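Grab a viewer and work through these exercises at your own pace. Each one sets a task and then walks through a solution.

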Amino acid sequence: MIFNTTLKTFGVALGSTLLVLMNFSCNNDEFFELKAPPVTEWRTVADLELAISYPYLNTFVNSEKSIGLMTHFIHDLMSDMVRRIADNGGWQSADVYLRETEKNVSNVQSKYQPGYQTISACNFILEYLATDPFPNATEFDKANNINRIKGEALFLRGFAYYYLAQLFCPPYDPAGTNEAKVLVLRTEFANNLASALNTTRGTTEEVYQQVRSDFQEAKALLPKEWKKGMAEAYKYGRATKHVAAFYLAKTMLHMGDHTAALAELNSILDDPEKPRTLAADPRTLFTNGAQGEPFNIPEVIFYGFYSDALRTTKRHFINIYYFTNKTFPDPGDFRPWWLLSLGNDKMQEANIMVNGVLTPEWKADKRSQLWYLWKGAYKDLPNKKDPDYMVNSNIAIYVGNDDPVLMVNKYYQVPAPLYQNIPFIRSAEAYILRAAIKTEAGDNAGAAKDLDVVRERAWDTSISGPYVSLGSATFEDVDIEWIKELAFEGDRVSFLQMFRKPIGPAERNVAPILPPYEGMNWPIPVEQIDFE
């Protein structure tokens, strides 16, 4: 992320340079020979933290540029688990909800440029490090700072391409050729006119192979955690070996290599040096407002840096959650800007709510405390902040007066003026993915053991008595736990695609979308096509 005012100034300067290059707003090579160019050299190993700050900022902090979180939200809208409870015309939410992927939806296409800004910044860093700029660096610095930052740049480049592919490439087909050419594949920094104008597109296969390579190399270079001698900034919300392994596992699942994916998840969940024990109470994952120490709950593998000590400006940048989360980004405020809730069919499948009534099983589940039940909606009421009813004329179009709505309420749990660190990867998700792999391999007992870890943590013994093991689990059991544990947090569409499962219609009057998931990817921006 971006850590202080100095880094912010540097990030803006580098970002502006990269943005110009990404827009190709030049007509000769003189542009690349400025008499007073921005700072593009780091004189000490410590200065490298300035280099890596920009792609973190561009990739995670600003909600509109956070390609990962925005892809999750776009896929929420397109998924099989949602109920539409309103529209937002400015966001073109109806087009996304209805999966009208032939349309040029600005809030989807606007993820394209930030993704390539991150890629360009990472290419610059990687090429700079390839020149061996610090020949006199200590062995410790070479291993723990220089190579670590190289690993972070590789991870962030792979991360950007991973999500660009999720949005714009046809979904990877393990049984297909994956020959569609959609994304420009850049592994070098555009430092002259010829390279800036080169818009050669890679095939979907080539893009995924590049992502796989970047994550593999990043994993080899990244440490498992901060240690003395590394930059203090690395303590806070940064990529580690486990983060790279997790995204490598997801990439391999999309590519159909379950064996490789299982090995990566095992490297995380079975690591004796860095245990990823689940928190005793899932609510503690979403109530972290500490402003003095890193977010150090072992379950959290990767998180958005919003409240830790190095952030000099405290605010929530990930405001997209106001479309799906009950509490507004400012916990002291209240604005009914909601678009989505959990779908009635999924609640019934998961035995959460049946015929408008929450089940005893769900009430006894600790995760139920991370959701909010509305009794219905009204166009207008004297109390605009009614605790039982949603009061909004737009919502009342879709939700009746006596029409229960279950809405996630994970985020912004800390009281104002504190701010919350937001988990991005948790080991609970890794257990669920590993269980799904085992069900596909016929290891139903092994899948049950992984689900038991997640289920037992959510089991309230004061209500239900001792936990009872599943014994055996099917993919349907895994799917139910995914909904209970990860809905409106993980990427639902990606999860189903990784395991080649149908993407159901939810409340849309359409047929399920089956592999190879035709029509689930969006067109690249018109400006890019016009330029080419």
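Before the first task, a definition: on a 1 Å grid over the protein atoms alone, a cavity is a set of points where a 1.4 Å probe fits but cannot get out, and lining residues have an atom within 4 Å of a point. Grid points are joined across faces, edges and corners, and a volume is the space filled by probe spheres set on the points.

Two housekeeping notes. This is a predicted model, where local features need pLDDT of at least 70 and side-chain atom pairs count only at pLDDT 80 or more, while totals for chains, interfaces and linings use all residues. Residues are numbered from 1 along each chain as its sequence is written, and side-chain values use heavy atoms, with hydrogens and water left out.

**Exercise 1. Find the largest cavity and describe its lining.**

Step 1: searching the whole structure for cavities of 30 Å³ or more turns up six. Step 2: pick the largest, with a volume of about 80 Å³. Step 3: list its lining, which consists of Leu 69, His 72, Phe 73, Asp 76, Ile 320, Tyr 321, Thr 324, Phe 488, Glu 489 and Gly 490. Step 4: sort them by type, counting Ala, Val, Leu, Ile, Met, Phe, Trp, Tyr, Cys and Pro as nonpolar, Asp, Glu, Lys and Arg as charged, and the others, Gly among them, as polar. You should get five nonpolar, three polar and two charged residues.

**Exercise 2. Work out which parts of the chain the Phe 159 and Phe 424 pair ties together.**

Step 1: set the criteria. Rings of Phe, Tyr and Trp (its six-membered ring) pair if their centres lie within 6.5 Å; planes under 30 degrees apart count as stacked, over 60 as edge-to-face and the rest as tilted. The whole structure holds 46 aromatic pairs.

Step 2: classify this one. Phe 159 and Phe 424 sit 6.1 Å centre to centre with 45° between the planes, a tilted pair.

Step 3: place the partners, using helices (H or I, at least four residues) and strands (E, at least two) as DSSP runs numbered from the N terminus. Phe 159 belongs to helix α7 (residues 139–168) and Phe 424 to strand β12 (residues 422–426), so the pair ties together parts 265 residues apart in sequence.

Step 4: check burial (buried means under 20% relative accessible area, exposed over 50%, partly exposed in between, with a 1.4 Å probe and protein chains only). Phe 159 is buried at 0%, and Phe 424 is buried at 9%.

Step 5: look at another pair. Tyr 162 and Tyr 163 are edge-to-face, 4.9 Å centre to centre and 85° between the planes. Tyr 162 is buried at 1%, and Tyr 163 is buried at 0%.

Step 6: zoom out. Ring pairs join these four residues into a cluster whose members also include Tyr 56, Phe 60 and Phe 302.

**Exercise 3. Which rings have the charged ends of Arg 148 and Arg 508 over them?**

Step 1: apply the test, in which NZ of Lys or CZ of Arg must be within 6 Å of the ring centre and within 35 degrees of the ring normal. Step 2: Arg 148 goes with Tyr 234, its charged end 4.5 Å from the ring centre. Step 3: Arg 508 goes with Tyr 97, at 4.3 Å.

**Exercise 4. Compare the spans of helices α6 and α10 with expectation.**

Step 1: the expected span is 1.5 Å times one less than the number of residues. Step 2: α6 (residues 112–129) has 18 residues and reaches 26 Å from first C-alpha to last, close to the expected 26 Å. Step 3: α10 (residues 241–254) has 14 residues, and its end C-alpha atoms are 20 Å apart, in agreement with the expected 20 Å. Step 4: add burial. In α6, 16 of the 18 residues are buried, so α6 is largely enclosed by the rest of the structure. In α10 it's 13 of the 14, so α10 is largely enclosed too.

**Exercise 5. Track down some unusual backbone geometry.**

Step 1: recall the background. Most residues other than glycine have a negative phi, and most peptide bonds are trans. Step 2: Gln 92, not a glycine, has a positive phi of about 55° and lies in the loop between β1 (82–84) and α4 (93–97). Step 3: Tyr 412 has a phi near 60°; this residue is in the loop between β11 and β12 and is buried at 1% relative accessibility. Step 4: for the peptide bond, go to Pro 515 and Pro 516, joined in cis with omega about 10°.

Definitions and conventions. 1 Å grid on protein atoms, 1.4 Å probe; cavity = no way out; pocket = protein on both sides within 12 Å on 5 of 7 lines; lining within 4 Å.
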